[in-house]
Amino acid sequence: MSGRRSRRKGSDAEREFAKLIGGERVPLSGAAGGSYTGDVVGLGLKWECKRRKDGFKQLYSWLEGKDALALRADRKPWLVVMPLEKLLWLVRDYVAEEEKDVSYRGDAT
């Protein structure tokens, strides 16, 4: 794939992901550095987005029928892979619980 098409594919993926999580794409895909690191910001996190034609096939097969996949290389921290829908469900559930807790304590502003 040519450089231009590859960049376009990456930018399209970043825009798609940002829209799905209600976030926004970072200008220049984080190349500016400083507070502009990562590809997308949303859900209170900085995200790096990767898209491959078939480069993640093994991850998908390991995840099949499960909620999440935990993986770790030697001397590296654990990583978690899960379907976006599952992550959004967890975030919404967490936010709903926090809102219930705040209203129960009477801390709502």
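The exercises below treat pockets, a sheet and salt bridges in a predicted model.

Residues are numbered from 1 along each chain as its sequence is written, and side-chain values use heavy atoms, with hydrogens and water left out. Local features need pLDDT of at least 70 and side-chain atom pairs count only at pLDDT 80 or more, while totals for chains, interfaces and linings use all residues.

**Exercise 1. The largest pocket**

Task: State the volume of the largest pocket and describe its lining.

Solution.

Step 1. Start from the terms. On a 1 Å grid over the protein atoms alone, a pocket is an open set of points where a 1.4 Å probe fits, with protein on both sides within 12 Å along at least five of seven lines; lining residues have an atom within 4 Å of a point. A volume is the space filled by probe spheres set on the points, and grid points are joined across faces, edges and corners.

Step 2. The largest pocket holds about 1,200 Å³ of space. Its lining has 26 residues, and those closest to the centre are Phe 17, Lys 50, Tyr 60, Val 81 and Met 82.

Step 3. Two or more lining residues come from each of helix H1 (3-21), helix H2 (57-63), strand S5 (79-81) and helix H3 (84-105). Helices (H or I, at least four residues) and strands (E, at least two) are DSSP runs, numbered from the N terminus.

Step 4. Sort the lining by class: 17 residues are nonpolar, one is polar and eight are charged. Here Ala, Val, Leu, Ile, Met, Phe, Trp, Tyr, Cys and Pro count as nonpolar, Asp, Glu, Lys and Arg as charged, and the others, Gly among them, as polar.

**Exercise 2. The second largest pocket**

Task: Which element gives the largest share of the lining of the second largest pocket?

Solution.

Step 1. The second largest pocket has a volume of about 270 Å³. Of its 15 lining residues, Ser 6, Arg 7, Gly 10, Ser 11 and Glu 14 are the closest to the centre.

Step 2. H1 gives the largest share, seven residues.

Step 3. By class, the lining has two nonpolar, four polar and nine charged residues.

**Exercise 3. The sheet**

Task: Give the strand order of the open sheet of three strands and find its edges.

Solution.

Step 1. The order is S1-S2-S3, with antiparallel pairing. Two strands pair if DSSP finds at least two bridges between them.

Step 2. Strand S1 (24-25) and strand S3 (45-47) each have a single partner strand, so one side of each has no neighbour in the sheet and both stand at the edges.

Step 3. Strand S2 (residues 40-42) is joined to S3 by three bridges. Gly 42 stands opposite Leu 45 in S3.

**Exercise 4. Salt bridges**

Task: How many salt bridges are there, and where do Glu 14 and Arg 25 lie?

Solution.

Step 1. Apply the rule: a side-chain nitrogen of Lys or Arg within 4 Å of a carboxyl oxygen of Asp or Glu. The count comes to six salt bridges.

Step 2. Glu 14 and Arg 25 meet in a salt bridge of 2.7 Å, N to O. The pair links distant parts of the chain, with Glu 14 in helix H1 and Arg 25 in strand S1, 11 residues apart.

Step 3. Classify by relative accessible area: buried is under 20%, exposed over 50%, partly exposed in between (1.4 Å probe, protein chains only). Glu 14 is buried at 5%, whereas Arg 25 is partly exposed at 27%.

Step 4. Asp 54 forms a salt bridge with Lys 57, at 3.4 Å between the closest N and O atoms. Asp 54 is partly exposed at 47%, and Lys 57 is exposed at 54%.
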